[in-house]
Amino acid sequence: MTLSADGPGLSHTDSFQHPAPKVLIANRGEIARRVIRTCKHHGIDTIAVYTQVDALAPHVREATQAVCLGNKPRSYTDATKLLQVIKEYGATAVHPGYGFLSENEEFCAAVEDAGVKWLGPTAKTMHDFALKHVAREIAEAAGVPVLKGSGLVSDPEEAVAAAEEIGFPVLLKATGGGGGRGIYICHDVEEVRSQFHISQKQGEAFFGNSGVFVEKYIQRCHHIEVQIFGDGQGKVVHLGERECSIQRRHQKVLEETPSPLLTDALRGDLTSAACRLGAAASYRSAGTVEFIFDEDESKFYFLEVNTRLQVEHGITELVNGGVDLVEWMLRLQLPGMEPLDLDTITTERSGHSIEVRINGENPAKDFQPCPGILGEVAFPFEMDGVRVDTWVETGTEVSPYYDSMLAKLMVYAPTREAAIAKMAEAIAATRLQGVPNNLEFLGHIVKDPRFIAGSTTTSFLEAVSFKPHVMEVVLPGLQTSVQDYPGRVGLWRVGVSPSGPMDALSHRLANALVGNEEDAAALEFGLTGPTIKFHCDGLVALAGAEFDVTLDDEPVAWWSSFKVAAGQELRIGAVHPDSGVRGYLAVAGGVDVPKYLGSRSTFPGGKFGGYQGRYLNPGDSLPIGATASDAAPTALPKGWLDQYAGAVQVAPGTGAGEPTVVGVLPGPHANPDYFTDDAMDVFYSSPYEVHYNSNRLGVRLNGPRPTWTRTDGGEGGSHPSNVHDHTYAIGTVNFTGDMPVILMVDGPSLGGFVCAATIPSSELWKVGQVRPNDNITFKQITIEEAYVAALRTDALMAAVKALSRGKMDAKAAAASLDGFEVTVPKMPETKAVLVDVAASDSHPGYLVRLAGDRYVQLEYGPMELDLSLRARIHALEKELAALSLAGLVETSAGVRSVMIEYDQRALVLPDLLDAIARADGAIGNVAEMVLPSRIVHLPMAFDERWTHEALERYAKSARPEAPYLPSNIQYIANNNGLEGKEDVRRIVFEASYLVLGLGDVYLGAPCAVPVNPLHRLVTAKFNPARTFTHEGTVGIGGSYMCIYPMDSPGGYQLVGRTLPIWNTFGRTRAFTPEKPWLLEFFDQVRFFQVSEDELENLRERFAAGQYDISIESKTFSMADYTAMITEPEMVAQWAAWKAQQRAASEVQLQLEEESLARLEAARAANGTAQEGSAQGGSKLDTDPAWDGPGCTKVCAGFTASVWDIKVKEGDTVAKGDTVVVLEAMKMESPVVAPVAGTIKAIVAEQGAMAAGGQLLLVIEVAAPS
């Protein structure tokens, strides 16, 4: 049901005179939207006000104008600032909404003194009813029953005397109070004395009035209120009553109308009393008269008047034929609208309406407020009989500064029984995920038999027994995150990592043990597990590497599922030394966090997915899915992992014994075109040691240096490991120079290095369990073996799930696996190059390379930057899409290559190769292609402070001197034979960068090349790469430009900073929720120069949706481009430019070699000194005083280098302060103080290695005073 304003007074009768009305809404959130909606219906302009934290709120974009009040969240109550906006923007009326200044008599008077209409009661009315003791006097004079009470009491003893006269129990009430503040129930004299000053102080703090009075407390009472509307001349009408008794801490939770308690006679008495009171006060506009109803005596008593539009007014509108109370407020006071004549107004009340308030509060933790990001918001807007007033949407960040209400969910039906059923249905159809809220609690209330019976006193919630379906993180463990399988699929083409579990086998088995579908989300943790408190009964499974674990101090078995009861704590301690490194916890129903881009997996680098886009913190509440499970506690039969898991049935090694044998498929780049035959023999026969610098991005390995068939990488780079472009496969063994790294689930999608072999999907789990110093050996398997292993892994999951669900016993399940057979299609020979189509005069030729059992890579033509090859890749992608192949997951384009991902369950490799041949054969004349191309104009601050900061951090942590230090821009000038920085600046701002690839360094980052060859600057990359680059930084690597979409590692030479190119929830105009990346293939990026301060301002406005970049829709003609680059003068200039660059880069390359040699010598010297010190032992390392009381040791959670030490001995630190920063795998990780105290000793040395568990520093805890 949508809000109707077509009640009395239709909009077509409005006739506005000059000046036309302009309504300023002095509020935010859903009430601001509510007022705007009615104003829009009547063609009335609106002015929204907002603070910076609300910049993306819907009311800001929906109003005619929006004015920012500044960065201070409290500015909604800044009367001076609001009056200034009213004057400057020509507001003719102010609607105060509710809360904030809506009942502030001084602000009301100031508005009216300025000649502006106040759409609400008069200042005098507010004054009289704000003081509860005065309001009681007015009520008594109007013949309205009031509870026995006192006047204002000045001290505790006077309050005690009044209480004894009235009779206990009593209420102490702050006279200026509201919303439950300053109100205390007292059962005896001592409680009155103890609560008096608290009530007084709260009244002063919240309402500027310290007055307190005493009132009789009704124990079995209802809170019933009447909606009134007055014309300010003594005429007052009512629109019925609302039952508001279900409250928590005097805050309403659920309201309904009419009250199920009242008889018609009582209802008539109640509403008449409310109208008498309103008339006595000459009440103007909308208001609410609140009453206490004594259920035992069937009597009502005046409580207070709310001199504003009430939060719950919507249900009154619904039962009064869709009347619009905001419209009434406008008609009463705005000239030009059809006048509101209360003498002729009639409303027809019928049916029943209920409202629940959805709040950002955590029922599992006594309803504490829960700020954070809402990752999924979905309301049943289209459901008949449902109305939703809300201010939140997917991606809204709920701040801690304002009221916790997220939405009002209202229903209407002909009867109360039907309305209750409708509300239960509407709650079930609502999704609010990302931060804890009370939605499940509300669903529990409407199903409570007492509510259904209408027995809802104000103590109703005290008897509610509710077990939220959540598990609470007591201690998070190390890098514990929510992951699902197979992760975020289908966006590799734009650099969105799949994430998901590092050990997919264990993750899938954990889900199978609790009967979940395998895409259910579970927890992944490493080295140290979490402590979890369950707030509901459930079934839990543990899998992966084995950890110490207890349930309420009783041990439980690993590789099994077991029941947990509400209130129990599962404590997962340290991983066993003879095990792997990662464990998994699955719960029946799954961890019910919102999906982001199709997956619940956490990608901490991008700050999205999982729970709040990060690793878990203490106090996090993880929702458990309500999906029913018929699974029972189950143990994984002994030996099944060794027998049925993987293509090579060898268990992972431990680092102390045999190496982990990992099956691989050759390619995409192997022998003979990249590696020598000897190199590949060594690759398959040698152990590789796992480097400490390993994590979810990749597992780095130490091992023998390969020998190469090339001396360099041609246009790809100076090292033979360089290739021109390469979209990576997950699990590929990537050689960055001579050092291999296995690219894992959070790794980058697009790069420029060769990959000797790729681990198939059935083997990759083993890599997820290796730890530093473990050894890996690679064993080549066949395409057929990989295919069978993948299907056998699926069969294993099905058997375990059948076992847990009682569909099979262990013997039958084992028999099904032993008898499992796969019909294998005829596969091509297992080698790196599967297809080699020779070039011809009309075709560049292509290679199809093997990249594991999920990918193949196609490359066109020679390894050169040739835009015609990129156009051909684009055409191939379109032709493959047109085939609509079942099992084709996605195509991810590079420059002259494309990675094709497929699901071999639905599309076998031979059929895919046939489809590729057909698609290539259907490509037309690439030379005449015209591609869609947008011109995207972006501001850039050149050579700015953020780049300088990244370079200073690099010089401090990685490499103090290099040809590209201290200035990347001067290095670019030197490497291209230019005179200096000004030449680089000129070229950068003259260039039009054509986007050839996306995801160069994650998340839609462009791999872009200048259209004009004379603008193509060439550079080498950082060696080693930086661990940190600011989001928005612009870099150049090779001849390509990239914009970093997030704070991340990187290797490009940095020239400036621009706007964000990734917006997680697509909430500003350049993005959409479905496309949170800015750029598209074949866009042309053109930069214009701004200062640092200008850029800061533009970035803030862009993030708030207040700055629109210029985007022109154009085309890119291959024919025109070819004509440009083949024009004789261009050919000559281009050749001269290349020669100049080659000569200059040779000089820089020699300088780089000399610098690296000095760096190696320095590292060797430092390493020897550090090693000798460690072997000899340090007095500090063994000081026994550190083991005594009052000392807390802070240790490294994993092996890493000590990047920075933030404290010195004697410093005072607070709990949570960063004390040390560790660096591993190009990522910096802060180590925080676990306690407050003083730094007693620092053992760590900056730049040195720290093993996992190694002592870093000692904190002396201050003795309690």
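How are α3 and α4 oriented relative to each other? Let us take that as our way into this structure, which is a predicted model. Helix α3 covers residues 79–88 and helix α4 covers residues 105–113. Two packed helices are described by the angle between their axes and the distance between the axes. Here the axes come within 11 Å and cross at roughly 20°. Angles under 35 degrees count as roughly parallel, and α3 and α4 are therefore roughly parallel to each other. The crossing in which α3 passes α4 is right-handed. If you would like to find the meeting point on screen, look for A79, L82, L83 and I86 in α3, which meet F107, A110 and V111 in α4.

Let us stay with α4 a little longer. Its buried residues are F107, C108 and V111. Seen down the axis of α4, these buried residues fall within an arc of 100°, so they line one face of the helix. The spacing has a simple background: an α-helix has 3.6 residues a turn, so residues three or four places apart point the same way. On the other side of α4 you will find E106 and D113, both exposed. And what do the buried residues of α4 pack against? Their partners are α3, β4 (93–95), β5 (117–118) and α5 (123–130).

A comparable reading works for helix α20, residues 810–818. In α20 the buried residues are A813, A814 and L817. They cover an arc of only 100° around the axis, which puts them on the same side of α20. The elements they pack against are α16 (640–644) and α19 (783–804).

Now for the nonpolar interior. In soluble globular proteins, nonpolar side chains tend to be buried together. The largest nonpolar core in this model has 124 residues, and I916 and F1087 are the ones that touch the most other members. Helix α21 (residues 867–882) supplies the largest share of this core, with 7 residues. A second, separate core holds 95 residues, including W558, I572, I624 and W708. Back at I916, which residues is it in contact with, leaving aside its neighbours within four places in sequence? The list is Y846, V848, V856, L858, L876, L880 and I900.

Next come some backbone details that are easy to miss when you scroll through a chain. Most residues other than glycine have a negative phi, and most peptide bonds are trans. A cis peptide bond joins F168 and P169, with omega about 0°. P169 sits in the loop between α7 (156–166) and β7 (170–174). Another cis peptide bond links N671 to P672, and there omega is about 5°. P672 belongs to the loop between β35 (660–666) and α17 (677–685).

As for phi, S298 is not a glycine, yet its phi is positive, at about 50°. You can locate S298 in the loop between β13 (284–294) and β14 (299–306). S298 is partly exposed, with a relative accessible area of 40%. D366 also has a positive phi, near 55°, and is a residue other than glycine. Its place is in the loop between β16 (361–362) and β17 (368–369). Is D366 buried or exposed? With a relative accessible area of 54%, D366 is exposed.

Two further residues are worth a visit. P339 lies in the loop between α11 (325–333) and β15 (352–359). P339 is exposed, and its relative accessible area is 61%. The C-alpha atoms of P339 and W328 are separated by 9.1 Å, with the two residues 11 apart along the chain.

T1238, by contrast, lies in a strand, β64 (residues 1237–1242). At 30% relative accessibility, T1238 counts as partly exposed. Which residues does T1238 touch, not counting those up to four places away in sequence? They are G1210, D1211, T1212, V1258, I1259 and E1260. K1208 is 30 residues from T1238 along the chain, and the C-alpha atoms of the two are separated by 9.7 Å.

How values were computed. Residues are numbered from 1 along each chain as its sequence is written. This is a predicted model: local features need pLDDT of at least 70, side-chain atom pairs count only at pLDDT 80 or more; totals for chains, interfaces and linings use all residues. Side-chain values use heavy atoms; hydrogens and water are left out. Helices (H or I, at least four residues) and strands (E, at least two) are DSSP runs, numbered from the N terminus. Buried means under 20% relative accessible area, exposed over 50%, partly exposed in between (1.4 Å probe, protein chains only). The arc is that of the directions from the helix axis to the C-beta atoms. Contact means heavy atoms within 4.5 Å. A nonpolar core is a set of buried Ala, Val, Leu, Ile, Met, Phe, Trp, Tyr and Cys residues joined through side-chain atoms within 4.5 Å. Axes are lines fitted to C-alpha atoms, for helices over the stretch in contact, and angles run from 0 to 180 degrees between N-to-C directions. Angles under 35 degrees count as roughly parallel, over 145 as roughly antiparallel, 65 to 115 as roughly perpendicular and the rest as oblique. A crossing is left-handed if the near helix is turned anticlockwise from the far one by less than a right angle, and right-handed if clockwise.
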